Amino acid sequence: MGKLREPLDESNNCGLPAALEVMGERWSFMILRAAFNGLHHFEEFLGALGIARNILSNRLARLVEHGIMKRQALPDDRRKIEYRLTEKGLDLLPAMLALRQWGEKYGAGVPSNPVLCDERDGRPIQPIAIRAHDGRELSPMELEWRDQAEVNWPTESAPATIRAL
């Protein structure tokens, strides 16, 4: 992965520690998986996951606190609460699918059933991959770390500090 390395002792310049702080334990991922499968109510999560009430309550509160899910009362009965994925929560789908595919390959050794497919043509999705700006799939050997100032940024996606230079 090149000569430059990530500063492993500085978590301020990396999104991984922040992501793990929010999602870094099993039940958060299992709740997220259930939400992606259409569950919205506390009792649904409780029944489907076999999780203790206090743990579910704690994890849902944490996911709401971090903006991954939103908590809203139903209009017809304000006592009933729904938990819905936010845009931030929906953006976790590729990471969830990558972990699932890794687990299928190296974990149980059994392909998942049901299979996640493209709704349009019913074919299974491709493995999650690292892709170059032009769509090429990249292997770990084709990656390198670069300082921000040395990146060949497309003008519209460069960080504001780089565009100002």
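This passage walks through a predicted model of one protein chain, from its overall layout to a few single residues.

The big picture comes first. The protein chain has seven helices and two strands, and going along the sequence they line up as α-α-α-α-β-β-α-α-α. Of the chain's 165 residues, 22% count as buried. As for who touches whom, take the contacts between residues at least 6 apart in sequence: 42% of these join residues at least 24 apart.

Helix H4 is a good place to zoom in. This helix runs over residues 53–65, and at 1.5 Å a residue its 13 residues should span 18 Å; the C-alpha atoms at its two ends do sit 18 Å apart, so the expected and modelled spans agree. Which residues of H4 are buried? Leu56, Arg59, Leu60 and Leu63 are. These four cover an arc of only 100° around the axis, which means that they share the same side of H4. Over on the other side, Asn54 and Glu65 are exposed. The buried residues have plenty of partners: they pack against helix H1 (15–23), helix H2 (26–36), helix H3 (42–49), strand E1 (69–74) and strand E2 (77–85). Another residue of helix H4 is Asn58, and with a relative accessibility of 43% Asn58 counts as partly exposed, because that value falls between the 20% and 50% cut-offs. Asn58 and Ser28 are 30 residues apart in sequence, yet their C-alpha atoms are 9.8 Å apart in space. Just after H4 comes Gly67, with a positive phi of about 75°. For background, most residues other than glycine have a negative phi.

Next up is how helices pack on each other. Two packed helices are described by the angle between their axes and the distance between those axes. In the case of H2 and H4, the axes come within 10 Å and cross at roughly 75°. That angle makes H2 roughly perpendicular to H4, since it falls in the 65 to 115 degree range. On the H2 side, the contact is made by Trp27, Ser28 and Ile31, while H4 brings in Ile55, Leu56, Arg59, Leu60 and Leu63. Sorted by class, the residues of this contact between H2 and H4 come out as six nonpolar, one polar and one charged.

H2 also packs against H6, at an angle of about 110° and with the axes 11 Å apart. Here too the angle makes H2 roughly perpendicular to its partner, H6. Phe29, Leu32, Arg33 and Phe36 of H2 meet Leu93, Met96, Leu99 and Arg100 of H6. The contact of H2 with H6 has six nonpolar and two charged residues, and no polar ones.

Helix H6 covers residues 93–106 and includes Gln101. Is Gln101 buried or exposed? Its relative accessibility is 19%, and buried means under 20%, so Gln101 counts as buried. Leaving aside residues up to four places away in sequence, Gln101 touches Ile125, Gln126, Pro127 and Ile128. Further along, in the loop between H6 and helix H7 (160–163), sits Pro114. The peptide bond leading from Asn113 to Pro114 is cis, with omega near 10°. As a reminder, most peptide bonds are trans.

The last stop is strand E2 and the loop that follows. Arg84 lies in strand E2 and, at 30% relative accessibility, counts as partly exposed. Arg84 and Gly38 are 46 residues apart in sequence, but their C-alpha atoms are 8.9 Å apart in space. Apart from residues up to four places away in sequence, Arg84 touches His40, Ile68, Met69, Lys70 and Gln72. Thr86 is found in the loop between E2 and helix H5 (87–90). With a relative accessible area of 17%, Thr86 is buried. Which residues does Thr86 touch, not counting those up to four places away in sequence? They are Gly67, Ile68, Met69 and Lys70. Gly67 has already come up, as the residue with a positive phi just after H4.

How values were computed:
Residues numbered from 1 in each chain as written. Predicted model: local features only at pLDDT ≥ 70, side-chain atom pairs only at ≥ 80, totals over all residues. Heavy atoms only, no water. Expected span 1.5 Å × (residues − 1). Buried < 20%, exposed > 50% of the residue type's maximum accessible area, 1.4 Å probe, protein only. Arc of directions from axis to C-beta. Contact = heavy atoms within 4.5 Å. Axes fitted to C-alpha atoms, helices over the stretch in contact; angles between N-to-C directions. Parallel < 35°, antiparallel > 145°, perpendicular 65-115°, else oblique. Nonpolar A, V, L, I, M, F, W, Y, C, P; charged D, E, K, R; others polar.
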